[in-house]
Amino acid sequence: MQSSEQAKPLPYNDPAHWDKMVAAYEAQSQPFTTLFADAAVATLPIDPSSRVIDVATGTGAAALAAARTGADVTAVDFSAGMVARVRAHGVANIEARQMDGQALDLPDAAFDAAVSVFGVMLFPDWRAGLCEMARVTRPGGSAAIAVWKSADGAAVHLLLSQIIRRLYPDNVTPMPCTGLAELADPGRLAAALIAAGFSDPAIVEVTHDFKLNVANPGDVDKLFEFMPHWSGLDADQSAAVARAFRAEIERRRVGDSFAIPSTALIATARRA
């Protein structure tokens, strides 16, 4: 275990990191994030005549939801592995392209609607990401953006961070993505959308349970190394946090399933 002085930030902004995560993300996270992606896309007034862009598509949850309406969907991500996975879905009305969401290689006003589900919030320059979404959306078009209500994200990240804050509040490592904290506040999220070029933002909360399979405790422990706050603990502290996490599981598990309620903010807005 690294000390807080030795800890290195997780490579959220390295496409190669996400390339390696494709299979794990699709298996563990997509069934959960799809619930929020479906809710976000459902807010968009799109139909088979619409052109939609999904920014930071990941393995394609929002793109697939938009494609089911019949719309033509362009799904972009900076990870070649994620883009390849979206292409492998073989959906005729989805075009997947590798692209930096902070500098989209796309013309102005090319789309009727834009969506990003837990994507732009992770960008180093999330303001540029929002501005780019606005730039490529036609005037009068619409956007839907999902972010986590907590700066610590959701699911295992959220619960582990809560435990660390309770036990070692002085050892909480700053999150590597400033957008997580900034956009977790409804007022700041609305202001950011307006600053980017959108108008009339409306924000709702959506909560779903992340259902963690706890049949094999060793599999759960492997998740910890991907948590930013975990890297700020020494060996004794990490052992104490792991014990507290396992105790929480034993207290609330139902069979081999452990539910972690997680809340997102889904913002909709109109292109000014």
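**Entry 1: the sheet**

Two strands are taken to pair if DSSP finds at least two bridges between them, and with that in hand I looked up how the strands of this predicted model are arranged. I found 7 strands that form an open sheet in the order 3-2-1-4-5-7-6, with mixed pairing. The edges are strand 3 (94-98) and strand 6 (198-213), each of which pairs on one side only. From one strand to the next, I noted a twist that averages 20°.

**Entry 2: how far to trust the model**

Before going further I checked the confidence, and the protein averages a pLDDT of 92, with 96% of the residues scoring at least 70. Where does pLDDT stay under 50? It does so over residues 1-9, for which the model has 15 contacts beyond four places in sequence. Where pLDDT is low, the predicted coordinates should not be read in detail, and I left that stretch alone.

**Entry 3: strands 1 and 2**

I turned next to strand 1 (residues 51-55), where 4 of the 5 residues are buried, so this strand is largely enclosed by the rest of the structure. Strand 1 pairs with strand 2 in the parallel sense over 5 bridges, and within that pairing I found I53 standing opposite T74 of strand 2.

In strand 2 (residues 72-77) I picked out V73. Is V73 buried or exposed? With a relative accessible area of 2%, V73 is buried, because buried means under 20%. Leaving out residues up to four places away in sequence, I listed what V73 touches: V52, A63, A66, A67, N93, I94 and E95. One of these, E95, is 22 residues from V73 along the chain, yet their C-alpha atoms are separated by 6.2 Å.

In the loop between strand 1 and helix 2 (61-67) I came to A56. The phi of A56 is near 60°, a positive value in a residue other than glycine. I marked this angle because most residues other than glycine have a negative phi.

**Entry 4: strands 5, 6 and 7**

At the other end of the strand order, I followed strand 7 (residues 257-271), which pairs with strand 6 in the antiparallel sense over 14 bridges. Strand 7 also pairs with strand 5, again in the antiparallel sense, over 7 bridges. Which residue of strand 7 is the bridge partner of H208? That partner is S262, while A146 has I266 of strand 7 as its partner.

I then looked at S199, which is found in strand 6 and has R270 of strand 7 as its bridge partner. S199 is buried at a relative accessible area of 15%, and beyond its neighbours within four places in sequence I found it in contact with A269, R270 and A272. D200 also lies in strand 6, but at 54% relative accessibility D200 counts as exposed. The phi of D200 is near 50°, which is once more a positive value in a residue other than glycine.

**Entry 5: helix 3**

Helix 3 (residues 80-88) packs on the sheet, where I saw it touching strand 2 and strand 3, and its direction makes about 165° with that of strand 3. The buried residues in helix 3 are recorded in my notes as G81, M82, V83 and V86. The buried residues of helix 3 pack against helix 1 (15-42) as well as strand 2 and strand 3. After helix 3 comes G90, whose phi is positive, near 70°.

**Entry 6: helix 7**

I closed with helix 7 (residues 186-196), whose buried residues are L189, A190, A192, L193 and A196. Why do they lie on the same side of helix 7? They cover an arc of only 160° around the axis, and this places them on one side of the helix. I looked for what covers these buried residues, and the cover includes helix 4 (126-135), strand 5 (137-148), strand 6 and strand 7.

At the start of helix 7, I found a side-chain oxygen of D185 reaching to within 3.0 Å of the backbone nitrogen of G187. Helix 7 is followed by G197, for which I read a positive phi near 120°.

Key
Residues numbered from 1 in each chain as written. Predicted model: local features only at pLDDT ≥ 70, side-chain atom pairs only at ≥ 80, totals over all residues. Heavy atoms only, no water. pLDDT = per-residue confidence, 0-100. Contact = heavy atoms within 4.5 Å. Helix = DSSP H or I, 4+ residues; strand = E, 2+ residues; numbered from the N terminus. Buried < 20%, exposed > 50% of the residue type's maximum accessible area, 1.4 Å probe, protein only. Axes fitted to C-alpha atoms, helices over the stretch in contact; angles between N-to-C directions. Arc of directions from axis to C-beta. Polar contact = N/O pair within 3.5 Å; in protein donor to acceptor, adjacent residues only side chain to side chain.
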